[in-house]
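Here are some exercises to work through with the model open beside you. Try each task yourself before you read its solution.

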Amino acid sequence: MQKNLTSKIKLICLAGVMAALYVGLDFLAVSVSAPFGGTLKVSLSGLPVIITAIFGGPLWGAAAGFIGAFVGQLITYGISATTLLWVLPAVVRGLLSGYLFIAFKRSVRPGVLAIETCISSVVVTALNTGAMLIEQKLYGYYSSYVAIYAAIPSRVIAGILTALVFSLMLPTIIDSIKRYTKM
């Protein structure tokens, strides 16, 4: 019983720290001009969600993603009709990363992690693009629908490149967390 309680406490602490790290990394994101208008947001904020999903499973990953993205949205933009649309990709990244990690038999080999992170990255890019299209319809925030659609290839490429960076970083991070927390 004591070991199970200690495990839960460690997961709660990990998810909390990773949600806070998500917010911090999201503020350090770099915006780059995309071809045909618009911008690409390059960020490492998805990494803490993936780490939480690896250690705690899909639901813990989704929880860390929700809390991190929601707090980040509140601080940056406040509440709007589309707030949850912008939080959804982080939640889905946590769920998908956790389920893919389980499906690939919890392998921490960079090649397997690259497949997992690339799959989740493409899904997150699709969800973010959907949120942009909805905001264009509701508020007219982006230059045009054409600009959003034209930027999709560069957004997918940026997401995949970021995912590959994640897959190279994750084995060392996972090993370090296991060593120092005994998770």
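**Exercise 1: a residue and its patch**

In which helix is F27 found? Then work out how covered F27 is and what surface feature it helps to make.

Solution. Keep in mind that you're looking at a predicted model.
- Step 1: F27 is found in helix α1, which covers residues 2-27.
- Step 2: Check its cover. F27 has a relative accessible area of 48%. The partly exposed class runs between 20% and 50%, so F27 is partly exposed.
- Step 3: Look at its company. F27, F66, I67, V71, I75 and L84 make a nonpolar surface patch of about 560 Å².
- Step 4: Ask who gives the most to this patch. That's helix α3 (residues 58-76), with 4 residues.

**Exercise 2: checking the length of α4**

Compare the expected span of helix α4 with the distance between its ends, then find out what its buried residues pack against.

Solution.
- Step 1: Helix α4 takes in residues 83-103, which makes 21 residues.
- Step 2: At 1.5 Å a residue, the helix should span 30 Å. The rule multiplies 1.5 Å by one less than the number of residues.
- Step 3: The end C-alpha atoms of α4 are 31 Å apart, so the expected span and the model agree.
- Step 4: Now go inside. Buried residues of α4 include W86, V87, P89, G94 and F101.
- Step 5: The buried residues of α4 pack against α1, α2, α3, α5 (110-139) and α7 (152-181).
- Step 6: Step just past the end of α4, and you'll meet K105 with a positive phi of about 55°.

**Exercise 3: the start of α4 up close**

Is T83 buried or exposed? Describe its surroundings too.

Solution.
- Step 1: T83 is found in helix α4.
- Step 2: The relative accessible area of T83 is 3%, so this residue is buried.
- Step 3: Skip the neighbours within four places in sequence, and T83 is in contact with F70, Q73 and G78.
- Step 4: Zoom in on the side chain of T83: it reaches the backbone nitrogen of S80 at 2.7 Å.
- Step 5: For a wider view, try V30, 53 residues from T83 along the chain. The C-alpha atoms of T83 and V30 are separated by 21 Å.

**Exercise 4: two salt bridges**

How many salt bridges does a search of the whole structure find? Describe each pair.

Solution.
- Step 1: The search finds 2 salt bridges.
- Step 2: A reminder helps here: side chains of opposite charge can pair when their charged atoms come close.
- Step 3: In one pair, the side chains of K41 and D26 meet at 2.6 Å, N to O. K41 lies in strand β2 (residues 39-42) and D26 in helix α1, so this pair ties together parts that are 15 residues apart in sequence.
- Step 4: Check D26 itself. Its relative accessible area is 19%, and that makes D26 buried; the cut-off is under 20%. Not counting residues up to four places away in sequence, D26 touches K41, S43 and S45.
- Step 5: In the other pair, the side chains of D175 and R179 meet at 2.5 Å, N to O. D175 and R179 both lie in helix α7, 4 residues apart, about one turn of the helix.
- Step 6: Why might that spacing suit a pair? An α-helix has 3.6 residues a turn, so residues three or four places apart point the same way.
- Step 7: Compare their cover. D175 is partly exposed at 40% relative accessible area, and R179 is partly exposed at 45%.

**Exercise 5: a covered helix and a covered serine**

Find out how many residues of α2 are buried, then study S167.

Solution.
- Step 1: In α2, 10 of the 11 residues are buried, so the helix is mostly covered.
- Step 2: Among the buried residues of α2 are L47, V49, I51 and F55.
- Step 3: The cover over these buried residues includes α1, α3, α4, α5 and α7.
- Step 4: Just after α2, G57 takes a positive phi of about 100°.
- Step 5: Move to helix α7, where S167 lies. With 3% relative accessibility, S167 counts as buried.
- Step 6: The side chain of S167 reaches the backbone oxygen of L164 at 2.7 Å.
- Step 7: Leaving out residues up to four places away in sequence, S167 touches P110, L113, A114 and T117.

Technical notes. Residues numbered from 1 in each chain as written. Predicted model: local features only at pLDDT ≥ 70, side-chain atom pairs only at ≥ 80, totals over all residues. Heavy atoms only, no water. Patch = residues over 30% accessible without salt bridge, like charges linked within 9 Å, V, L, I, M, F, W, Y side chains within 5 Å. Areas by Shrake-Rupley, 256 points an atom, 1.4 Å probe, with all protein chains shown as cover. Salt bridge = Lys/Arg side-chain N within 4 Å of Asp/Glu carboxyl O. Helix = DSSP H or I, 4+ residues; strand = E, 2+ residues; numbered from the N terminus. Buried < 20%, exposed > 50% of the residue type's maximum accessible area, 1.4 Å probe, protein only. Contact = heavy atoms within 4.5 Å. Polar contact = N/O pair within 3.5 Å; in protein donor to acceptor, adjacent residues only side chain to side chain.
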